[in-house]
Structures are given as structure tokens and as C-alpha cells.
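This briefing concerns aromatic ring contacts and the charged groups placed over rings. Please consult the sequence and the structure alongside the text.

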Amino acid sequence: MTQSNLAMKRPEPVVPALGEAFGGGIVGNITPWAGGRQAIVIVADKTAGGDLGEFAWDPDYDDAPGAKSFTDGLANTDAINDGQHPAAQAARAYRGGGFDDWQLPALAEHLGLLANLCPIWTEMPAFKTGGEQAYEEAPYWTSTQSQFYQLYAWTQHFGSGLSDYWSKGNDYRVRPVRIVLI
């Protein structure tokens, strides 16, 4: 059998549906990725402790040049995964489903989650206001530092839908994600 014949016989990967349990959490978005691939954005399961509470991004307000990507939450989070960055440290320490690659989502990753999971407009009952997986109608930290001011980092508000940057010393919510490429 030739290599091309083998490739034709491989089964297509099973892509889970939005809102389905998968990979230690819940599928929150499926989005285009580099190289023509797609990524499943898995949000931490709130019923398993995946909404971690409130943390500061950086109470010392230092510049984080490695955390300015709008699309690569893992690179951002790894650049600030230390005692000086409590939100990132909490996200990387999370072990939902036994996985160790949880991260603070980058701003673009959070926007995809907002589009599908915002409590006030989602079609998924578990994520609607009062549902067992619902985001709090509050700001959640992203891993993206403001490109304008080093004293600020981006947040995503799951009540108003507002994306904005706020003081890194503020305590805002943290709900990690994982990215699985397909």
C-alpha cells in the first residue's frame, strides 16, 4: 500500500460539539489556527473548581514583554508564570482532568469564548445565567498585557461583553483554558 492510500484510510478526528465535555473541561470554541489547522478551546469545568476566583495580574506593575500576544495564551502565560503574576500562576497550577497545560487565555481566545458562552446570550443552558457552568458577569483576566501601557492588562467582561485593559494590581476572575489542535 502506498503512503497516500494509508492516509485515505485514516479516520477523521472526532470533533466535539460546543458545550460538550472534552479534554478535562468543556468545549468553548473551535477556531482557525496557524498552518490551516483548527483549535478546540477548552474552558475549565466550573463544577470541578475551574473558576479559580480572583487574583491580581501583577501587583508590582512590571513590564511583561513576553505577554503581549493577542492569540497565544500559552506563550503569554508561560512568560509570566511566577510568584509576581498570581493570575497566571493560578491558571498554570490548575490540573483539571489531570492535564497540566492550562493557561490564561489570550484576548482573542477570550473573545471566542465570549461569543459562545456569554451568560446573557449563549444558547447553551449550562452557561446561561444561573447555569452550572455560567461565567460570572464580571471581568476575567486574559494573559495579554496592554500594548499601550505596561501598568495594564486586558480583561474580558462576561456580563457587559466589554474587552478593556485594567490595572494589573486589580483582582479579577481567572478561568483557565486548554488548546487542543485538530
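**Aromatic contacts around Y165**

Y165 is partly exposed, with a relative accessibility of 22%. The model described here is predicted. It contains 12 aromatic pairs, and two that involve Y165 are set out below, followed by the ring cluster and two charge–ring contacts.

*Pair of Y149 and Y165*
- The rings of Y149 and Y165 form a tilted pair, with 6.0 Å from centre to centre and 50 degrees between the planes.
- This pair links distant parts of the chain, 16 residues apart: Y149 lies in the loop between β5 (139–145) and β6 (152–157), whereas Y165 belongs to strand β7 (residues 163–167).
- Y149 has a relative accessibility of 46% and therefore counts as partly exposed.

*Pair of W154 and Y165*
- W154 and Y165 meet edge-to-face, their centres 5.1 Å apart and their planes at 80 degrees; the pair counts as edge-to-face because the angle is over 60 degrees.
- Distant parts of the chain are again linked, with W154 in strand β6 and Y165 in strand β7, 11 residues apart.
- W154 is buried, because its relative accessible area of 11% is under 20%.

*Ring cluster*
- Both pairs belong to a cluster in which ring pairs link F70, F148, Y149, Y152, W154 and Y165.

*Charges over rings*
- The charged end of R175 sits over the ring of Y135, at 4.5 Å from the ring centre.
- R178 lies over the face of F99, 3.7 Å from the centre of that ring.

Conventions. Residues are numbered from 1 along each chain as its sequence is written. This is a predicted model: local features need pLDDT of at least 70, side-chain atom pairs count only at pLDDT 80 or more; totals for chains, interfaces and linings use all residues. Side-chain values use heavy atoms; hydrogens and water are left out. Rings of Phe, Tyr and Trp (its six-membered ring) pair if their centres lie within 6.5 Å; planes under 30 degrees apart count as stacked, over 60 as edge-to-face and the rest as tilted. Helices (H or I, at least four residues) and strands (E, at least two) are DSSP runs, numbered from the N terminus. Buried means under 20% relative accessible area, exposed over 50%, partly exposed in between (1.4 Å probe, protein chains only). A charge sits over a ring if NZ of Lys or CZ of Arg is within 6 Å of the ring centre and within 35 degrees of the ring normal.
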